[in-house]
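Colleague: Before I plan around this fold, I would like to go through how its descriptions were reached. Could you take me through the terms as we look at it?

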Amino acid sequence: MTNDSTQHDACIVFHDAAVSRGGRTIWQHGSFAIPNGSVTAIVGTNGTGKTTMMKAELGLLPLAAGSITILGRPAGSANRQIGYVPQSYTSDIDSNLTAEQSVLLGLTGTQFGIHVVTKAQKAKVRQALAFTGIEDKAHLRLSELSGGLRQRVAIAQALVSDPKLLMLDEPLANLDLASQRAVVHVLARLNKELGMTIQVVAHDLNMLLPILTGAVYLLDGHPHYAAMNQVLDSSLLTHLYGTTVQVVTTPQGDMFVTPSPDEPEDVVPDTHATAEIAQFHHHHGAGDAGHDAGARTPAVRNDAGGAR
Ligand SMILES: Nc1ncnc2c1ncn2[C@@H]1O[C@H](COP(=O)(O)OP(=O)(O)OP(=O)(O)O)[C@@H](O)[C@H]1O
């Protein structure tokens, strides 16, 4: 999978990569190549190592084995070309900053010390705020903004330095439907209009389905990468999520992933033979047994059903 031609066009290349934390292997044997210009999700149940994967890609966590190459360089060496929006961004950000000051951090790197802000930097910040649709919020403090608007500030901060790759950890978590839509719309434009490669950690795929080209899925301790048409497979997703999942296509052609409804209790077939069920009841006298069992059959079956 990671032959020369795919590696040439690839943004992210894993080669037999593994990560351990606290002496425990989180995932291993990751070998795949993710193309430039793609929009991929990292999918997996809680604790399978999605955030760990992003941190390994950023070189923030050492690999236990193998290698990861990002934008043609070893993980960690190309971080100037990567915009990263961590998971906790919207909750633990210093809320005294204005949206504009926060986005500026994406260029200056730190809020400490005195910075002479150039006209060019100011223009870049304005551009990033405009792209994410929050130019009119520039002078508001983060504490005055909703979670959805704060997430857009976070994205503006990550994209202000013109990264080639944008990585976002759960960017839709805790956002209402309209805010989720707004964030997905920004991601779609970044990909289509600016050609940015995007990777997103996501629990729920549905909102992102229209823009996803592929997914990395963490299954049985191994990361795998596949194009979206292969990932949207009911049995794979059922295995992945650990609960029965259906892929549904609407008449309009929209696809979504949904849990299958539980089987109603009354369609569960009763596999007990009448004679077998009769043994659950006490009978007095061997002579009555056969007769009793036959006569009571309907009541016995109801008793057994009620006990379930
Ligand atoms: N600092 C740490 N030291 C030791 N183990 C850790 C540390 N951080 C995370 N882990 C473990 O690594 C595993 C993967 O964690 P990670 O946060 O990457 O999972 P995740 O898939 O992003 O989970 P979630 O969906 O819950 O956010 C978990 O089992 C976690 O307990």
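Colleague: Which residues are the closest to the ligand, and how many surround it?

Modeller: This is a predicted model, in which local features need pLDDT of at least 70 and side-chain atom pairs count only at pLDDT 80 or more, while totals for chains, interfaces and linings use all residues. Residues are numbered from 1 along each chain as its sequence is written, and side-chain values use heavy atoms, with hydrogens and water left out. A residue is near the ligand if one of its heavy atoms lies within 4 Å of it; 13 residues surround the ligand, and the closest are R24, G47, G49, K50 and T52.

Colleague: What makes the approach of R24 to the ligand a polar contact?

Modeller: A polar contact is a pair of N or O atoms within 3.5 Å (within protein, one must be able to donate a hydrogen and the other to accept it, and residues adjacent in sequence count only if both atoms are side-chain atoms). A polar side-chain atom of R24 lies 2.7 Å from an oxygen atom of the ligand, so the pair falls within that limit. For N46, a polar side-chain atom is 3.1 Å from a ligand oxygen, and for R21 a side-chain N or O atom is 3.1 Å from a ligand nitrogen. The ligand taken alone exposes 640 Å², of which the protein buries 62%, with areas from the Shrake-Rupley method and a 1.4 Å probe, and for residues only the protein chains shown count as cover.

Colleague: Which helix gives the most to the shell around the ligand?

Modeller: Helix α2 does, with 3 residues; helices (H or I, at least four residues) and strands (E, at least two) are DSSP runs numbered from the N terminus. Both β2 (24-35) and α2 (50-57) supply at least two residues of this shell.

Colleague: How do you know that β1 and β4 pair?

Modeller: Two strands pair if DSSP finds at least two bridges between them, and β1 (residues 10-21) is joined to β4 (residues 65-70) by 5 bridges in the antiparallel sense, so they satisfy the rule. Within this pair, V13 stands opposite T69 in β4. They belong to an open sheet of 4 strands in the order β2-β1-β4-β5, with antiparallel pairing.

Colleague: Why are β6 and β10 called edge strands?

Modeller: The other open sheet has 6 strands in the order β6-β7-β8-β3-β9-β10, with mixed pairing. Strands β6 (82-85) and β10 (222-227) each pair on one side only, and they are the edge strands.
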